[in-house]
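Biologist: I would like to go through this model with you, one question at a time. Please define each term when it first arises.

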Amino acid sequence: MAAESNGPSNSTSNGTGPLRALIVDDEPLAVERMQVICSRIEGVSVIGTASDGQAALRLIDALTPDLVLLDLTMPETDGLTVARRLSGKPDAPAVIFVTAHDEFAVEAFDLDAIDYVLKPVAPDRLERAVGRVMSRRGDQRAAPTSEWLEEFWVPHRSELVRVPAADVERIDAERDYVRLHVRGQSYLLLQTITSLEERLDPERFIRIHRSCILRRDHVTGLRHEGLGVWSVETASGDALRIGRTYLPTVKKMAGR
């Protein structure tokens, strides 16, 4: 069955009552597991299930859920397509992607999803994700969405974790990947440094080399090495060479 409704369609998007969830997955065992986990999370009520994207969109229109637990890889209309159609709609439900594939995390950045949970789903991991939805739901003073990346989803052990952009000190290019340096740890993300730069707030980040971007407030000084060569000194004690192409912009930041 493509879609199944378990209850009435009265919305609770005003932040009162249980969180009304729709589960979307083409694997019956996955749907069953999600239903079991959700039944154990206080404040969550599963109001329906769908096994493909088109059925999901119909049920979302009919039931107006508060939350969609959305698989990514489904026949015909996949989870990313569903999320794109919901993006920007007034009163759109919160979306948590639930998938066995971590390579779609970058694409999910632009769709304002609340979280990205990897299969097999651990109950405590899903509960944390649902907790994020509840927190946002109760915050009537939520700030408007920024045009710039505010956070990253990065692979870490057996899950993806969120890293606020404000915590990223340095970004290094490694072929088709970038490495994010965050408070003594680093995370590898499948994306080129040039495409990532386009999505970073230029008031917060500055590119100093074709293979390096720094958070502006992580820069503590500039050093002239001689013969037109300059380096950036960072709060972590590193001295990083500035590429000639980027030197005028870096000097402008320093008022030179």
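The exchange below moves from the whole chain to its sheets, a helix, the cores and two single residues.

Biologist: What kind of model is this, and from which number are residues counted along each chain?

Modeller: This is a predicted model, in which local features need pLDDT of at least 70, side-chain atom pairs count only at pLDDT 80 or more, and totals for chains, interfaces and linings use all residues. Side-chain values use heavy atoms, with hydrogens and water left out, and residues are numbered along each chain, as its sequence is written, from 1.

Biologist: How many helices and strands are there in the protein?

Modeller: Helices (H or I, at least four residues) and strands (E, at least two) are DSSP runs, numbered from the N terminus. By that rule the protein has seven helices and 16 strands.

Biologist: What percentage of the residues in the protein is buried?

Modeller: Buried means under 20% relative accessible area, exposed means over 50%, and partly exposed lies in between (1.4 Å probe, protein chains only). Of the 256 residues in the protein, the buried share is 44%.

Biologist: In what order do the strands of the open three-stranded sheet lie?

Modeller: Two strands pair if DSSP finds at least two bridges between them. In this sheet the pairing is antiparallel. β14 (219-226) and β16 (239-241) each have a single partner strand, so one side of each is left without a neighbour in the sheet. The order is β14-β15-β16.

Biologist: Which residue in the turn between β14 and β15 has a positive phi?

Modeller: β14 and β15 pair in the antiparallel sense over six bridges, and G226 has V229 as its bridge partner in β15. The two strands form a hairpin with two residues between them. The turn residue with a positive phi, of about 55°, is L227.

Biologist: How many residues lie between β15 and β16 in their hairpin?

Modeller: Strand β15 (residues 229-234) is joined to β16 by three antiparallel bridges. E233 has A239 as its bridge partner, and S231 stands opposite R241. In the turn of this hairpin, G237 has a positive phi of about 90°, and the number of residues between the strands is four.

Biologist: Which residue of β11 is the bridge partner of L180?

Modeller: Strand β10 (residues 177-182) and strand β11 (residues 185-190) pair in the antiparallel sense over six bridges. They form a hairpin with two residues between them, and R183 in the turn has a positive phi of about 50°. The β11 partner of L180 is Y187.

Biologist: Why are the buried residues of α1 placed on the same side of the helix?

Modeller: The buried residues in α1 are A30, V31, M34, I37 and C38. The arc is that of the directions from the helix axis to the C-beta atoms. P28, L29 and S39 are exposed on the other side of α1. The buried residues lie on the same side because they cover an arc of only 130° around the axis.

Biologist: Which element gives the most residues to the largest nonpolar core?

Modeller: A nonpolar core is a set of buried Ala, Val, Leu, Ile, Met, Phe, Trp, Tyr and Cys residues joined through side-chain atoms within 4.5 Å. The largest has 28 residues, of which V24, L70, F97, Y116 and W153 touch the most other members. Elements giving two or more residues include β2 (19-24), α2 (53-63) and β5 (94-99). With six residues, the element that gives the most is α2.

Biologist: Is R162 buried or exposed?

Modeller: R162 is in strand β8 (residues 159-164). Leaving aside neighbours within four places in sequence, R162 is in contact (heavy atoms within 4.5 Å) with A113, I114, D115, R132, E151, F152 and W153. Because its relative accessibility is 18%, R162 counts as buried.

Biologist: How far apart in space are E203 and R216, C-alpha to C-alpha?

Modeller: E203 lies in the loop between α6 (193-197) and β12 (205-209). At 68% relative accessibility, E203 counts as exposed. E203 and R216 are 13 residues apart in sequence, and their C-alpha to C-alpha distance is 7.7 Å.
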